[in-house]
Amino acid sequence: MTSLELSKVASQVRRDIVRMVHAVNSGHPGGSLGCTDFLVNLYFKQMNINPAEWDMDGKNEDLFFLSNGHISPVWYSVLARKGYFQVNELATFRKINTRLQGHPATEEGLEGIRVASGSLGQGLSVALGAAETKKLNGDKSIIYTLHGDGELQEGQVWEAAMYAAANKIDNVISTVDYNGQQIDGSLEQVLAMGDLRAKWEAFGWDVREMDGHNMDEISSTLEKAKADCGNGKPIMLIMTTSMGKGVDFMEGTHKWHGIAPNDEQLADALGQLEETLGDY
Amino acid sequence: MKKFEVTGNKDTRSGFGDGLTELGRTNPNVVALCADLTGSLKMGDFKNEFPDRFFQVGIAEANMMGMAAGMTIGGKIPFTGTFANFSTGRVYDQIRQSIAYSEKNVKICASHAGLTLGEDGATHQILEDVGMMQMLPNMTVINPCDYNQTKAATIAIAEHEGPVYLRFGRPKMPIFTPADQKFEIGKGIMLNEGTDVTIIATGHLVWEAILAGEKLAEQGINAEIINIHTIKPLDEEMVIASAKKTGAVVTAEEHQTIGGLGATVSQCLAKNHAVPMDFVAVDDSFGESGTPAQLMTKYGLDADNIIAKVKRVMAKKVMA
């Protein structure tokens, strides 16, 4: 897919996100909108996957783990638009008896989800386990992960970071959504993380950076990272994004981390986002 | 009272280690993770024989639990090994989200549980682990009583699809269960049929229950003794039938009264057939340093206290 085609998918995914959270007056639009371009690129251009024949083990296909589970709206939309489940199921998000729980869950067998996430800091460990199993199985596929930047304040992330470098886990490409925002304010105000790149490098990772809203750059960075798998080092992509990207009044602020737009705000947001694949 | 032949004296953790090595030979999907306690967990043989399937994670238990969850994706059966304290309390949220809620086929194997860890003291003597683990939906909780049963349990849980908490201990204990006894998850073992009172014990307290039963027999009290190795799911059928027969129940375990075997049995009987009950367990306190034997005596986890509790429930039975 070309970058233009990917951006059209992303526009539809952003419409899905704001409509989903508006419908239940809850959910997390800010981080979802910020990670839309990346996840669309990953699922529609990069990963070797077979949505029609999804199973839990995912042998001989690439796997993705969302560690910052609160951005479930973007993941659900991307999975549905990619064909993991029916797009109209997005209308059940966060409603009683739904498979689309507030945070991703496996209990009702939603295709595409391999572990629950929401309580932060656990996804990298799970991914490393899956990566070790791939190696044991002689499976050359790649494991992708996504993490929030605030999430890196969890100690478990650094336990996993140490393990991955010490054990040369080189079939993992992790990405951190570096939007500089968390619930109580900016990362700088809440708990300054210092030099993220230097931190990951000091932990033995191969660190690269990318603009999370430039489709060409996301493509080239991911393609390069894929080519460099197997070089004895885990890869970390520090992805600069703007929280709330695509909806002007949500952009660049932590205020839209976990609240939904009202009716007027929804209309305003949808006016800024082209309907490209048909709303659910 | 039936006679029990003691065939050896070994730690239950060695039963785990030997069972794990045997599994390594018979099931290629079994993998093991350890957080810097390979010797204490008796995982050295597995490590040496199957180095590609052994994962040393360092002192990083949270990462170990997450990795174990991930390793199931693609068909492996991970066994994690560390002390019971670091297998539960330290990593409760990781187990809750990544293993129990996510229904991952992880076997959490926990040594040095309870007071019998001894001299290291209360920081390491977890007495709340059974409660924490059995509160989790999807979790099976097993506390075997001797070397043979622990080895059999270790082998059996590999065949069970779903998360399991397997709890065992540090000290050498008499071996009295048959080496060839089949381990059936969720099935209690009737050790001695009796009519006057039921003693339901788990883990290291099963041997104390047998010693108590022998002394009670000398006093003319015919105790029914049940070994409950699987606390969740509880063998309700066996527990209820015994309570109906004897009309009085004492439970015995190396755990807090709150949340353990006694609490589970009492819930079952309150709902189905209420009888006078009493509990041999730690009464809402932390442990301390000392030899295992000193600690078990001081905290009342022994045959003498089982006998005292039996007398109490039998007195209540007469009044009723």
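Visitor: What makes helix H10 of chain B lie across strands S10, S13 and S14?

Guide: In this predicted model, helix H10 (residues 261-272) is packed over strand S10 (197-201), S13 and S14 of chain B. Contact requires C-beta atoms, placed from the backbone, within 7 Å. Helix H10 runs at about 145° to S13(B), an angle taken on the 0 to 180 degrees scale between N-to-C directions of lines fitted to C-alpha atoms, for helices over the stretch in contact. Helices (H or I, at least four residues) and strands (E, at least two) are DSSP runs, numbered from the N terminus.

Visitor: How do you know that S13 and S14 of chain B pair, and in which sense?

Guide: Pairing needs at least two DSSP bridges; strand S13 (residues 249-256) and S14(B) share 5 bridges, in the parallel sense. One of the partnerships joins Thr251(B) to Phe279(B) of S14(B).

Visitor: Why are S9 and S14 of chain B called edge strands?

Guide: The open sheet of 5 strands has the order S9-S11-S10-S13-S14 (chain B), with mixed pairing. Strand S9 (189-192) and strand S14 (277-282) each pair on one side only. From one strand to the next, the twist averages 25°.

Visitor: Why is chain B, with 12 helices and 14 strands, called as compact as a globular protein of its length?

Guide: Its radius of gyration is 19 Å, close to the 20 Å given by the globule rule for 320 residues, so chain B is as compact as a globular protein of that length. The radius is taken over C-alpha atoms; the rule is 2.2 Å times the number of residues to the power 0.38.

Guide: Residues are numbered from 1 along each chain as its sequence is written, and chains are lettered from A and ligands numbered from 1 in the order in which they are written. In this predicted model, local features need pLDDT of at least 70 and side-chain atom pairs count only at pLDDT 80 or more, while totals for chains, interfaces and linings use all residues.

Methods:
Contact = placed C-beta atoms within 7 Å.
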